[in-house]
Amino acid sequence: MKKKTVFLPAIFCLVIGIFGALLIMNGASEHETDSKFTVQVNRLIASLERSWPELQKGDVPVQELVSRIEAAGIEYVLLDNGGEILYRSKDGLSVNVAQATMNFDLIRDVEVSGEVVGKILIHNTWRDGETKRNQKIALLFLGVSVLLSLSMAGYAAWLHRKLIKPFETMEDFAKQVAMGNLDIPLDMDRENAFGAFTQSFDLMREELKKARLREEEAVKSRKELIAQLSHDLKTPVASIKAMAEFMELSAADEEQKKTAGAINAKADQIDGLVSNLFHAALEELEHLEVTMEEASSAELLRMIREADYRHLVKSVEIPEGVIRMDPLRVSQVIGNVISNSYKYAGTVITVQGFFEKVAEKDFLVLEFSDQGGGVPEEELELILEKFQRGSNSAGKEGAGLGLYISSRLMKKMEGDLSCRNRADGFTVTLRLALA
């Protein structure tokens, strides 16, 4: 614990002690004042005794004569032996011995030549002093209470800031970590008593975040690998099926025909398994990253030839230019487009390429056209959505994701994919950004 944690209460007690000492010193000065008051009373009486002969002569009015006597602020009443009031300094004072006795006033005889000639009733200031003392005691208690309250409040605030609040902050931090939010650092004073403790918590958060990122990257890579492999497997499997069907039709004898049929059946089985694997991975495919690079448009011709395993692409016209693309992703898109044409049209495919400017951007446009029946106009937009297939897909295998994934990949490559019906067939258009 910090040293100031110990010194703080000691400082508060010291302040309270100084305050009490000042009040005691003030009380000592009051006792000194009481002694002076006694001296003043004695002087007053002595002055009255010296002036008494003049009072008896009556040459000077009593009020005038007595008013000349220095009273030092003493309030009193002067009586003769008969109890008559000769002088009083103000109204409201005791006017006889009985009242003075009841009010605890000071009663003193006035003597001349050893003979009592009158009495002086001095107003008792003890009650006033007592009231003042009570007020000062009350002030002392009030001051001590205020100081203690402020001290306790300040110390409580300090404890809350240094002890309770850090625990509350760590509690909120633990909840955030439990909910998986690892981006918010633990913002705390590293110099307090829990500095090393909180720093360890924040290091734990950073390590958890790094572990999560590594895990996400590993899962992402695995998904990409599964999707890529499943996609790449479908093409050679389709080629095997096509060759098996051809062998079955051109078999010289029944044994060769049975063998080709078995090969075709196994190819169907493999295709089904690959489709299941592909379907399981497709949910994550839209998160696939693209790596853009500049390439010659001649690369597109090679991709088309590799995807056209049934050799139905009879005409390809692609102008020379430099485009920006991810070759792997473009190869996937072209493979999907040609595969869909095989599946739904099965006719000759032509590929027409040309340059186009759209919204101040230059594109190389590829149009893949077949002579199939196309899809109903109201379904053109739907077939680009996830798990959506045209009404012409009945009886044909597929998950309704090929064009959806292709469209997503084209947009990530700053391009576009669209479909349209023609009078004599169906066209899929790819737009690739020029470098």
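**Aromatic pairs and buried helix faces**

Lys 241 is found in helix 5, which runs over residues 195-249. Keep in mind that this is a predicted model. Apart from that lysine, the things to look at here are two aromatic pairs, a charge over a ring, and the buried residues of helix 7 and helix 8.

**Lys 241 and its surroundings**

- Despite the charge you'd expect to see out in solvent, start with the number: Lys 241 has 18% relative accessibility, so it counts as buried.
- Once neighbours within four places in sequence are set aside, Lys 241 is in contact with Asn 264, Ala 267 and Asp 268.

**The tyrosine pair across strands 1 and 2**

- A pair of aromatic rings is described by the distance of the centres and the angle of the planes.
- For Tyr 76 and Tyr 87, the centres lie 5.5 Å apart with 45° between the planes, and the pair is tilted.
- Tyr 76 belongs to strand 1 (residues 76-80) and Tyr 87 to strand 2 (residues 85-88), so the pair links parts of the chain eleven residues apart.
- Tyr 76 is buried because its relative accessibility is 2%.
- Tyr 87 is buried too, at a relative accessible area of 14%.

**The tyrosine pair at helix 8**

- Tyr 309 and Tyr 342 make an edge-to-face pair, because their planes stand at 85°, with ring centres 5.0 Å apart.
- This pair also links distant parts of the chain: Tyr 309 sits in the loop between helix 7 (298-307) and strand 6 (313-317), while Tyr 342 is in helix 8, 33 residues away.
- Tyr 309 is partly exposed, with 23% relative accessible area, whereas Tyr 342 comes out as buried at 6%.
- Tyr 342 has another partner: the charged end of Arg 310 sits over its ring, 5.0 Å from the centre.

**Helices 7 and 8**

- Buried residues in helix 7 are Leu 300, Met 303, Ile 304 and Ala 307.
- Those four span an arc of only 100° around the axis, so they lie on the same side of helix 7.
- An α-helix has 3.6 residues a turn, so residues three or four places apart point the same way.
- Helix 8 has 18 residues and spans 26 Å from first C-alpha to last, close to the 26 Å expected at 1.5 Å a residue.
- Plenty of names turn up on the buried list for helix 8, including Val 330, Val 333, Ile 334, Val 337, Ile 338 and Tyr 342.
- After helix 8 comes Gly 346, with a positive phi near 70°.

Methods
Residues are numbered from 1 along each chain as its sequence is written. This is a predicted model: local features need pLDDT of at least 70, side-chain atom pairs count only at pLDDT 80 or more; totals for chains, interfaces and linings use all residues. Side-chain values use heavy atoms; hydrogens and water are left out. Rings of Phe, Tyr and Trp (its six-membered ring) pair if their centres lie within 6.5 Å; planes under 30 degrees apart count as stacked, over 60 as edge-to-face and the rest as tilted. Helices (H or I, at least four residues) and strands (E, at least two) are DSSP runs, numbered from the N terminus. Buried means under 20% relative accessible area, exposed over 50%, partly exposed in between (1.4 Å probe, protein chains only). A charge sits over a ring if NZ of Lys or CZ of Arg is within 6 Å of the ring centre and within 35 degrees of the ring normal. Contact means heavy atoms within 4.5 Å. The arc is that of the directions from the helix axis to the C-beta atoms. The expected span of a helix is 1.5 Å times one less than its number of residues.
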